[in-house]
Amino acid sequence: SALTCCNKADFFTNGKSHYSQLFYDIEHAKKCIFIEFYTIHHDMVGKHLVELLTKKAKEGLEIWVMCDFIANLSTPKKMFKPLVDAGGKVVRVKPYFTHYRSHRKIVSIDQQISYIGGMNIGKQYANMDKIKNPWRDTQIRLEGACTAVLNKYFFKDWLCSIKHHDWQYAIDYMNQMENEQYTPTASLCQFIAGGVDTDKEAVKMCYLSMIRSAKKRIRIQSPYFIPDASILDALKTAAASGIEIELMIPGIKASFFLDPITNYYSGQLLEYGTKVYKYKGYIHAKTMVVDDELCCIGSVNMDMRSLMVDDEVCGIFYENQLVQRYNNVYNSDISNCTPYTWEHFKHRSQKERFMESVFLPFAP
């Protein structure tokens, strides 16, 4: 993964602030807007996004949009029709039924601004869900040379998703895009892309490397905690070595089958002295902070699907001030959590134990 840098980084921990800034950047775009999301919901937020993109397409900007086929079955093609009619391009990635989904979230605007994180496009991310509320997520907006790297990841996905006779236009456009000149900064970062196009399991290897590098503390946020044996053993080993491990999961159930499995695996760490927090709401952020040195933010859930099966992208940030800023966000989140202890796990109900035994064989 290419080592790059960012000139500016801003965190967004709720959909309202994220969409406000994203839509502002889209409205002020001058050349091109590339968007890749797992889901673009057929609701007020999704419709507003399409309206803005349609307006920019009519102004002559290149607008390329990707979303996952399965995750957007309930989003009708007619929602994107105005955008397509205006000259924009929309592709549904992997138009077949399979486990291997595109779960990435990448936005690139004018080769200057980019976004990655856990949020898709939909009203639930802006605290308008009836059940999973409040919704806590993390998105990061970046400026600088790092945007060029995310551009490359987007173009690779684009070429893999369009028809062969459309390749030449895309390649010609890539070649004619100006190579922006960036001032190097000390805010170093890398972007790890994982998926089934390689057997290297890059995301899992990245997570293992981060865990094994820890000297003092590991902090994790994930809506699900269903790790494979290698990740679980690495965390257990770190905890047994005296490294403080903090895991934050939702207090509101993700689903009737994911929640008992998440509790079960959390219990495996509690036995080793790990601190587990249940957020008073639905935490959908996918982050990891190691010591005060590394911060990982992206689309990767701490589960086997994200680590080994789905197409994902995460950013690793090395600048200490940025890492400390996110540590402060984590500290603030803890104040909105309820501790889940070893005693809670030991005294869980017979119903919970039964559900664990039913769903655990399906965890992989």
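**Exercise 1. At what angle do helix H8 (residues 258-270) and helix H12 (residues 350-359) pack, and how far apart are their axes?**

Keep in mind throughout that this is a predicted model.

Step 1. Take the two axes: H8 and H12 pack at an angle of about 95°, and their axes lie 9 Å apart.

Step 2. Classify the angle. Values from 65 to 115 degrees count as roughly perpendicular, so H8 is roughly perpendicular to H12.

Step 3. List who touches whom. H8 brings Pro260, Ile261, Asn263 and Tyr264, while H12 brings Glu352, Met355, Glu356 and Phe359.

Step 4. Sort that contact by class: five nonpolar, one polar and two charged residues.

**Exercise 2. Work out how helix H6 (residues 202-213) sits against helix H7 (residues 229-240).**

Step 1. Here the packing angle is about 10°, with 10 Å between the axes of H6 and H7.

Step 2. Angles under 35 degrees count as roughly parallel, and therefore H6 is roughly parallel to H7.

Step 3. On the H6 side the contact uses Lys204, Tyr207, Leu208 and Ile211; on the H7 side it uses Ser230, Ile231, Ala234 and Leu235.

Step 4. The class count for H6 with H7 is six nonpolar, one polar and one charged residues.

**Exercise 3. Find the nonpolar cores and name the residues with the most contacts inside the largest one.**

Step 1. Recall the background: in soluble globular proteins, nonpolar side chains tend to be buried together.

Step 2. The largest nonpolar core holds 79 residues, and Ile26, Tyr207 and Ile218 have the most contacts inside it.

Step 3. Look for further cores. There is a second, separate one of 29 residues, with Met248, Leu322, Tyr330 and Cys337 among them.

Step 4. Zoom in on isoleucine 218. Leaving aside residues up to four places away in sequence, isoleucine 218 touches Ile211, Leu235, Ala238, Ile243, Glu244, Ile245, Glu246, Met288 and Val289. Ile211 and Leu235 also appear in the contact of H6 with H7.

**Exercise 4. Trace the open sheet of seven strands and identify its edges.**

Step 1. Write down the order, S2-S9-S7-S6-S3-S4-S5; the pairing is mixed.

Step 2. Strand S2 (8-12) and strand S5 (89-93) are the edge strands, each pairing on one side only. From one strand to the next, the twist averages 10°.

Step 3. Follow the strands inward from the S2 edge. S2 pairs antiparallel with S9 over five bridges, and aspartate 10 stands opposite arginine 141 in S9.

Step 4. On S9 there is another antiparallel pairing, with strand S7 (residues 113-117), again described by five bridges. In that pair, isoleucine 113 stands opposite glutamate 143 in S9.

Step 5. Check burial: four of the five residues of strand S9 (residues 139-143) are buried, so S9 is largely enclosed by the rest of the structure.

Step 6. Further along, strand S3 (residues 32-37) and strand S6 (residues 106-109) run antiparallel and are joined by four bridges. Phenylalanine 34 has serine 108 in S6 as its bridge partner.

**Exercise 5. Show where strand S19 (312-317) fits in the open sheet of nine strands, and why S19 counts as largely enclosed.**

Step 1. The order is S1-S10-S19-S17-S16-S11-S13-S14-S20, with mixed pairing. Strand S1 (4-5) and strand S20 (337-340) form the edges, each pairing on one side only.

Step 2. Take the neighbours of S19 in turn. S10 runs antiparallel to S19 and is joined to it by six bridges; isoleucine 192 stands opposite cysteine 314.

Step 3. Strand S17 (residues 294-298) is also antiparallel to S19, with four bridges, and cysteine 296 has isoleucine 316 as its bridge partner.

Step 4. In a regular strand the side chains alternate between the two faces of the sheet. For S19, Glu312, Cys314 and Ile316 are buried on one side, and Val313, Gly315 and Phe317 are buried on the other.

Step 5. Six of the six residues of S19 are buried, so S19 is largely enclosed by the rest of the structure.

Step 6. Add the helix: H4 (residues 146-161) lies across S1, strand S10 (188-194) and S19, and runs at about 10° to S10.

Step 7. For a parallel pair in this sheet, turn to strand S13 (residues 244-250) and strand S14 (residues 275-279), which share five bridges. Proline 250 has tyrosine 279 in S14 as its bridge partner.

Key: Residues numbered from 1 in each chain as written. Predicted model: local features only at pLDDT ≥ 70, side-chain atom pairs only at ≥ 80, totals over all residues. Heavy atoms only, no water. Pairing = 2+ DSSP bridges. Helix = DSSP H or I, 4+ residues; strand = E, 2+ residues; numbered from the N terminus. Axes fitted to C-alpha atoms, helices over the stretch in contact; angles between N-to-C directions. Parallel < 35°, antiparallel > 145°, perpendicular 65-115°, else oblique. Contact = heavy atoms within 4.5 Å. Nonpolar A, V, L, I, M, F, W, Y, C, P; charged D, E, K, R; others polar. Core = buried A, V, L, I, M, F, W, Y, C linked by side-chain atoms within 4.5 Å. Buried < 20%, exposed > 50% of the residue type's maximum accessible area, 1.4 Å probe, protein only.
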